[in-house]
Amino acid sequence: MKRTLLSLLLLILWLSAFSQSKDLDKKLKGLDAYIEQVRKDWKVQGVAVAIIQKDKVVFAKGFGYRDVDKKLPVTPETLFAIGSSSKAFTAAGICLLQEDGKLELDKPIINYLPTFKLHDAYATEKMTPRDLLSHRSGLPRHDLVWYGSTLSRKELFHSLRHLEFNKSFRERWEYQNLMYLTAGVVIEELSGKTWEAFTKERIFDPLEMKVTNFSVDQMAKGTNSSLGYIELNEKVEVTPYRNIDAIGPAGSINSTVMEMSNWVIALINGGKFKGNQVLKESTIRAVQTPVISLPASVPLQYDEVGYGTYGLGWFINPYRGKTLVQHGGNIDGFSANVAFMPKDSIGIVVLTNMNGTPSTAIIRNNIIDRLLGLTPVDWNGRALADVKKAKENQEKNKKESDEAQVKNTTPSHKLDDYVGEFEHPAYGVIGVTASKDSLRITFHGMSSSLRHYHYDIFEGTGPRYFKGEKVSFMTNKTGEISELHAKLEPAVKDIVFTRKLIAKDVSASQLQTYVGEYDFGGQVAKVYLRGESTLMLFVPGQPDYELLAVKEHEFKLKAAEGFTFRFTIEAGKVTEMVAIQPNGTFRAKRK
């Protein structure tokens, strides 16, 4: 009798599983063809997709190629850069520190990082971990501070104090990668480990994410890693991996759809994976609890998607009457989307090797419609139409902006006068060179020609990042080009770069010829050498100033702008020093 009941129970379970499997097959019928169509419509070279139900991966497949030239196919084990989908791991890491009793989400950051300093004093004093993770700092993106920069994580952290705010603290949601970098620094400070080591130990290892890593340097060594692709001038080409290790907590993770599925399983199942409580249920609730509303236009563009909010590393959106928790990711050559619906216990991971493609959300939405038995929405058709319209508007706006150009003007200086290095304390250095009848700008490894637009304003010709960007040069009171202004962050005023004084090499013997006393009509200034190679100027009643050689027999003050000192040479000897200052020109005979 017992054997009969057990056999009957097993039969019922098998029939139930078989029925569920047939139902899933029916829902996913035609999905492969749909993904292939979306892939081709958006010129995506390769895509991997995984679908999770409760604690199981029920679909995992690769489409297209991870390397087109070598015809290497995408598989569910192919590594892709997931970009900003990494943020959810950093948010979880902060919550793990709260679980450990090492921080509180609503206690100011300066309690944990005393060196934390922003341009806004009130935000510095009040900013909390919850603010960092929900993008409500008041600081706009300022992404070109880190993008392509060689600064370390700590150096970027200390540069925050020089960045202008565009909103009041907690006034509005604004996406912010540098605040996630700061969250990573918090993790490092309180755990005593790097963000990478902490995340691997506390999240990756318990979730059996064995090939998932934190750097494209590691990804490049993989045997099943995808190349990244980008469309430029209607042509798709390979784009180099972008190393963003310094900003890692905001977006440097590389993973596969299979290993990302383990992460999603834990999120769907209250923090558990294979019976192991990786994250507390309180943390799972915290990350998907709305903190701030997202900016939105009224009425909404589409009825199926309601007004959104942001939690801790996750967007929380109403989708056709259900709750969708998701986050995309974009970094050079790759786009991703990781999503789950907590009440329905389903999850979706879409990873691609195409730069900035909307195909990830299109595929995700189609899968949701299928799994929930909803009438499918033509998300692909809508997105294609939206992009076409946006391109048309862009061309129209370009023509309108050209009308602002003042014709037949010339620069105020010869092109060589614009050449030099211009520096900002957070953005770093912009280099300007001249070639024939044009200038060239170089910034963080990116370069663009500058053609004259009008007056002292030049326009970038590209490629990519500087195309169409206006660069303004400013003249100081002595008539020299002293500043470069560029709109590197659209939400604030132009970023101001000050010309760097680049000293010429002058021999110690040559410097010695300038040493002496110079009489400014009764006031005597003294020029002397400090050590063997530093020329100094002493004026009674003022601090000693270092003089930097900029031209032959010409020096500038290192510590103050607008002061030039020229030495007059007669018969091979210095006879006079001419001081060119903002308040006039003064001559001093050598005593």
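A pocket is an open set of grid points with protein on both sides within 12 Å along at least five of seven lines. In this predicted model, the second largest pocket has a volume of about 770 Å³. Its lining comprises 31 residues. Nearest the centre of this pocket lie Arg499, Lys500, Leu501, Val550 and Lys556. Strand 16 (420-424), strand 22 (481-486), strand 23 (495-499), strand 27 (545-551) and strand 28 (554-557) each give two or more residues to the lining. By class, the lining of the second largest pocket holds 14 charged, ten nonpolar and seven polar residues.

Two of these strands flank a residue with a positive phi. His553 sits in the loop between strand 27 and strand 28. Its phi is near 65°, a positive value in a residue other than glycine. The relative accessible area of His553 is 22%, so the residue counts as partly exposed. The cut-off matters here, because a residue is buried under 20%.

The chain as a whole was then examined. It has 591 residues, of which 48% count as buried. The chain contains 15 helices and 31 strands. Its C-alpha trace spans about 120 × 55 × 50 Å along the principal axes. Contacts between residues at least 6 apart in sequence were also sorted by separation, and 57% of them join residues at least 24 apart.

In soluble globular proteins, nonpolar side chains tend to be buried together. The largest nonpolar core of this model has 111 residues. Trp263, Phe473 and Leu488 have the most contacts inside this core. Beyond its neighbours within four places in sequence, Phe473 touches residues from several stretches of the chain: Tyr418, Phe422, Val432, Leu439, Asp456, Phe458, Ile481, Glu483 and Leu484. A second core is separate and has 32 residues, including Leu24, Ile35, Tyr229 and Tyr302.

Enclosed space was considered next. Rolling a probe the size of a water molecule over the atoms shows where empty space is left. The structure holds two cavities of 30 Å³ or more. The largest cavity contains about 80 Å³ of space. It is lined by 14 residues, and Ala81, Val216, Arg242, Ile244 and Ile331 are the closest to its centre. The lining of the largest cavity is mixed in class, with six nonpolar, five polar and three charged residues.

The second largest cavity contains about 30 Å³ of space. Its lining consists of Ala88, Ala92, Trp263, Leu267, Leu279, Ile284, Val287 and Trp314. Helix 3 (87-99), helix 11 (257-268) and helix 12 (281-287) each give two or more residues to this lining. The eight lining residues of the second largest cavity are nonpolar, with no polar and no charged residue. Trp263 thus recurs: this residue lines the second largest cavity and is one of those with the most contacts inside the largest core.

Helix 8 (residues 195-204) has a buried set made up of Trp195, Glu196, Phe198, Thr199, Ile203 and Phe204. These residues lie on the same side of helix 8, because they cover an arc of only 160° around the axis. Their cover includes helix 3, helix 6 (153-159), helix 7 (177-191), helix 10 (248-251) and helix 11. Helix 3 and helix 11 therefore appear in two settings, as part of the cover of helix 8 and in the lining of the second largest cavity.

After helix 8 comes a loop that runs to helix 9 (216-219), and Glu208 is placed in it. With a relative accessible area of 35%, Glu208 is partly exposed. Apart from neighbours within four places in sequence, Glu208 is in contact with Glu259, Asn262, Phe273 and Lys274. Glu208 and Phe273 are 65 residues apart along the chain, yet 9.3 Å separates their C-alpha atoms.

Two further loops have backbone features to report. The peptide bond from Val298 to Pro299 is cis, with omega near -5°. Pro299 is in the loop between strand 10 (292-293) and strand 11 (309-310). Lys71 lies in the loop between strand 2 (56-67) and strand 3 (72-73). Phi of Lys71 is near 55°, again a positive value in a residue other than glycine.

Notes. Residues numbered from 1 in each chain as written. Predicted model: local features only at pLDDT ≥ 70, side-chain atom pairs only at ≥ 80, totals over all residues. Heavy atoms only, no water. Core = buried A, V, L, I, M, F, W, Y, C linked by side-chain atoms within 4.5 Å. Buried < 20%, exposed > 50% of the residue type's maximum accessible area, 1.4 Å probe, protein only. Contact = heavy atoms within 4.5 Å. 1 Å grid on protein atoms, 1.4 Å probe; cavity = no way out; pocket = protein on both sides within 12 Å on 5 of 7 lines; lining within 4 Å. Points joined across faces, edges and corners; volume = space filled by probe spheres on them. Nonpolar A, V, L, I, M, F, W, Y, C, P; charged D, E, K, R; others polar. Helix = DSSP H or I, 4+ residues; strand = E, 2+ residues; numbered from the N terminus. Arc of directions from axis to C-beta.
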